[in-house]
Amino acid sequence: VRPKVVVAGASAYSRLFARPTHLHCLYTINGTEARHRKLDLDAALWDAADLLYTGAGLGVDFTGAVAPDGMLSALFVADAHLYLKQFDGASWGTLQTVIAQSCFSPSLRYIGLTPHALFLQNIGTDQNRLMESHRSGSGFT
């Protein structure tokens, strides 16, 4: 695989996740795009990139997790919101808002098949609060 050339002043951050037959790369580019690529472990070929989100404020504040049923989830901060998007192995689902407030340092874990997001919110000068939200029905609580 030939690496992409990144111009001066550009940013790119990535995370890798393994599923039984694929390696997945979630990444952000230039603070404006969240993308995904997957590598078939048998063929050793990367698929074309999927665009997950276009907006502002995309950077290092993103993560992902693989659910017990194999669903890959991407959790990311953009446009002063925390979003979740899930991949069933063939396609990405709809964008879900976890919280419509500014936050940072997200972490994602599954308890059973329920995604739980942990993140920090600023509550004052040099003060941050650890917050949690999990899916309950069709939304997050």
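Which residues is Phe119 in contact with, leaving aside its neighbours within four places in sequence? In this predicted model, the residues that Phe119 touches under that condition are Leu82, Ile99, Cys103, Phe104, Ser105, Pro106, Arg129, Leu130, Met131, Glu132 and Ser133. The protein chain around this residue is built from 13 strands and 0 helices, and the points below go from the whole chain to a ring cluster and then to single residues.

**The chain as a whole**

- Read from the N terminus on, the elements of the protein chain run β-β-β-β-β-β-β-β-β-β-β-β-β, and with a radius of gyration of 15 Å, close to the 14 Å that the globule rule gives for 141 residues, the chain is as compact as a globular protein of that length.
- The C-alpha trace of the protein chain spans about 50 × 40 × 20 Å along its principal axes.
- Buried residues account for 37% of the 141 residues in the protein chain, while the area that the chain exposes comes to about 7900 Å², with carbon and sulfur atoms supplying 53% of it.
- When contacts between residues at least 6 apart in sequence are considered, 31% of them join residues at least 24 apart.
- The protein chain carries 11 positive and 11 negative charges, and the mean positions of these two groups are 3 Å apart.

**Aromatic pairs**

- A pair of aromatic rings is described by the distance of the centres and the angle of the planes.
- The structure holds 4 aromatic pairs, and one of them is formed by Tyr53 and Phe76, a tilted pair with 5.5 Å from centre to centre and 55 degrees between the planes.
- This pair links distant parts of the chain, since Tyr53 lies in strand β5 (residues 50–54) and Phe76 in strand β7 (residues 72–78), 23 residues apart.
- Both Tyr53 and Phe76 are buried, and for Phe76 the relative accessible area is 2%, which is under the 20% limit for a buried residue.
- Phe76 also pairs with Tyr83, again in a tilted arrangement, with 5.9 Å from centre to centre and 45 degrees between the planes.
- Tyr83 has a relative accessible area of 9% and is therefore buried, the limit being under 20%.
- Through these ring pairs, Tyr53, Phe76 and Tyr83 are linked into a cluster.

**Phe119, a buried strand residue**

- Phe119 is found in strand β11, which covers residues 114–124, and its relative accessibility of 1% is under 20%, so Phe119 counts as buried.
- Phe119 and Ser73 are 46 residues apart along the chain, and their C-alpha atoms are separated by 16 Å.

**Two residues with a positive phi**

- Most residues other than glycine have a negative phi.
- Asn30, although it is not a glycine, has a positive phi of about 55 degrees, and its place is in the loop between β2 (22–29) and β3 (33–40).
- With a relative accessibility of 43%, Asn30 counts as partly exposed, because this value lies between the 20% and 50% limits.
- Ser105 likewise is not a glycine and has a positive phi of about 55 degrees, but Ser105 is found in strand β10.
- Ser105 counts as partly exposed at 40% relative accessibility, and it is also among the residues in contact with Phe119.

**Two exposed residues**

- Ala100 sits in the loop between β9 (96–99) and β10 (104–111), and its relative accessible area of 52% is over 50%, so Ala100 is exposed.
- Leaving aside neighbours within four places in sequence, Ala100 is in contact with Ala80 and His81; the C-alpha atoms of Ala100 and Ala80 are separated by 6.8 Å, with their positions 20 residues apart along the chain counted as the distance apart.
- Thr141 lies in the segment after β13 (139–140), and at 52% relative accessibility Thr141 counts as exposed.
- Not counting residues up to four places away in sequence, Thr141 touches Glu132, Ser133, His134 and Ser136, and two of these residues, Glu132 and Ser133, are also in contact with Phe119.
- Thr141 and Thr94 are 47 residues apart in sequence and 18 Å apart in space, C-alpha to C-alpha.

How values were computed: Residues are numbered from 1 along each chain as its sequence is written. This is a predicted model: local features need pLDDT of at least 70, side-chain atom pairs count only at pLDDT 80 or more; totals for chains, interfaces and linings use all residues. Side-chain values use heavy atoms; hydrogens and water are left out. Helices (H or I, at least four residues) and strands (E, at least two) are DSSP runs, numbered from the N terminus. The radius of gyration is taken over C-alpha atoms; the globule rule is 2.2 Å times the number of residues to the power 0.38. Buried means under 20% relative accessible area, exposed over 50%, partly exposed in between (1.4 Å probe, protein chains only). Contact means heavy atoms within 4.5 Å. Accessible areas come from the Shrake-Rupley method with a 1.4 Å probe; for residues, only the protein chains shown count as cover. Lys and Arg count as positive and Asp and Glu as negative; His and the chain ends are not counted. The place of a charge is taken as NZ of Lys, CZ of Arg, CG of Asp or CD of Glu. Rings of Phe, Tyr and Trp (its six-membered ring) pair if their centres lie within 6.5 Å; planes under 30 degrees apart count as stacked, over 60 as edge-to-face and the rest as tilted.
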